[in-house]
Amino acid sequence: MTKPSLPDLLHAAVDAVGGTERPGQVTMAEAVAEAVDDGSHLLVQAGTGTGKSLGYLVPALAQGERVVVATATLALQRQLVERDLPRTVDALHPLLRRRPEFAMLKGRSNYLCLHRLHEGMPQDEEEGLFDQFEAAAPTSKLGQDLLRLRDWSGETENGDRDDLTPGVSDRAWAQVSVSSRECLGASRCAYGAECFAEMARERAKLAEVVVTNHALLAIDAIEGAPVLPPHEVLIVDEAHELVSRVTGVATGELTPGQVNRAVRRCAKLADEKVADQLQTAAEGFERVMELALPGRLEEVPEDLGYALMALRDAARNVIVALGSTRDKSVQDEDAVRKQAIASVETVHAVAERITLGSEYDVVWYERHDRFGASLRVAPLSVSGLLREKLFAERSVVLTSATLKLGGDFNGVGASLGLAPEGTATAEGDQPVWKGIDVGSPFDYPRQGILYVAKHLARPARDGDRADMLEELTDLIQSAGGRTLGLFSSMRAAQNAAEELRSRIPEYPILLQGEETLGELIKNFAADPRTCLFGTLSLWQGVDVPGPSCQLVVMDKIPFPRPDDPLMSARQKAVEEAGGNGFMAVAATHAALLMAQGAGRLVRASGDRGVVAVLDSRLATARYGSYLKSSLPEFWYTTDRDQVRRSLAAIDAAAGDAE
């Protein structure tokens, strides 16, 4: 039997999902197939509307080996598992003469824990277990969420939190889920045979395609104990998010509240002497943290160093003690012990990591108005980790609409631990890779305008921007609403919403944080006169094609804050190595966000509109050309009158169509 050709397979899959085959999609599928065949690595920039999911799924399914697909967002995971994969498998089955199985796999805390649901959760203050259903008033939001979770547990087939609609609060979910460290293990748990997390793992072991998220991919790479099944091909979608997700997983945190919880959890199980030692160490740490001022700690201060060593040593003694003592008076002792050990191990791990003081770590204090001070530690770079763990034993394809920054892939490649494209090393220790840009089906110069408000004053940090608010008001009025406002800080978004609600009340303004993100986006899409203002998650999480989003406004270039400890440390490290820290870190960060933000405008072939950047530096600063070259190729202007006329014409055309 002759092997079906890739064009035939792609054509069948595109037909099955009701799509249109695009040249960029064909180019992408061919490049993915080639990378998989020769075991090399590929970075693919595929613009919105390319159909990149099929561009990697079809060649991945055709090659017949296990594939892991890691995505950043729940929306794409759902799209893959509920729409793209079922239809694609059905379409390819007759041609491949086999039906590839697929499965979703997430971290353990994403699944309902039947042990915790039925037996209760270890209580911090009192001996024994805490029945969360009795403790929460049935009329309270928490009580209602918990009762709904109990009902849902009898209906759900997979126990996946994301399948519960509507969702529940993080507080409610915490009552019925466990982390991997807290889990008793299937063999020791009364509910092990029915465990949703274990069933998900078993399904993944049997599947040819495993869909997961960046966080679980990072855990699999960092923690050494494999979570994902062995696989020959890894596809990372939304790959522009990968470095920040891996950094998040590799970041440790200590707070007085967290340490005190660990003390309470071990108090009933540990010998009084070692429990008291941990209590004393916790009090010393809390005293130091009361005086903590936000910012990076280039060196660990002496008083903090002593407090951390005391915590580390006391936590180690408690872990040993908890492992060797038994107390039958404690109800469900195994679960209580497991939770206590997990809490103390986290304290020990972070305290030891900071005490050891690796030159590759960044340590800093943060202070939150509500939660107080925290001590954090993160890797200066994850590029070495990614190079070693990600690219070593499999073919890796990374794809996103925004990977080519400033005209090439080398900036993103460097953050992933890759040498500049085309570089060959004598030792052969650098992964071989290539980057391709398959373009977009959209005609950006005809569909969109990039407007830079060159006449505005240069934005000062946290300064008054009356001229920017005036400009924003004029633009929204010209556009007839229809505006997505992307702000560099929550304070800026709140100030703009408050000011414009009084200036132009005829245009409703939705503000991130006043409702769930899903509800905000739904309401924004439903009424063309409505505007939506917000910060980081809106820069990348909004997909509203059509006339409701015809103006995307960025208040200023989204450079990282100068006092961001991790970003400033990374910038300094590049400079000390002889590089340009600002361009490598700050400008790359801004370019990625701006490319994502600008991508909110044109989501379909009929979309028209304006991306307005209310920051004159994009037109006047030397780095402006680098940032502009990272954006879609919109028609460019600094003429404010031209833009107002264009917005008014787009608004009128949309009004006629409505």
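Helices (H or I, at least four residues) and strands (E, at least two) are DSSP runs, numbered from the N terminus. This is a predicted model, where local features need pLDDT of at least 70 and side-chain atom pairs count only at pLDDT 80 or more, while totals for chains, interfaces and linings use all residues. Residues are numbered from 1 along each chain as its sequence is written, and side-chain values use heavy atoms, with hydrogens and water left out.

**Exercise 1.** Place Leu43 and decide whether Leu43 is buried or exposed.

*Solution.*
- Find the element: Leu43 sits in strand β1 (residues 41–45).
- Take the relative accessible area, which is 0%.
- Apply the cut-offs: buried means under 20%, exposed over 50%, partly exposed in between (1.4 Å probe, protein chains only).
- Leu43 is therefore buried.

**Exercise 2.** Lay out the sheet and find its edge strands.

*Solution.*
- Pairing needs at least two DSSP bridges between two strands.
- The order is β3-β6-β2-β7-β12-β1-β13, an open sheet of seven strands with parallel pairing.
- β3 (102–104) and β13 (433–437) each have a single partner strand, so they stand at the edges.
- β3 pairs with β6 (residues 209–213) over three bridges, in the parallel sense.
- Within that pair, Met104 has Val211 of β6 as its bridge partner.

**Exercise 3.** Classify the packing of α3 on α4.

*Solution.*
- Helix α3 (residues 52–63) and helix α4 (residues 74–96) pack at about 45°, axes 10 Å apart.
- Axes are lines fitted to C-alpha atoms, for helices over the stretch in contact (heavy atoms within 4.5 Å); angles run from 0 to 180 degrees between N-to-C directions.
- Under 35 degrees is roughly parallel, over 145 roughly antiparallel, 65 to 115 roughly perpendicular, the rest oblique.
- So α3 is oblique to α4.
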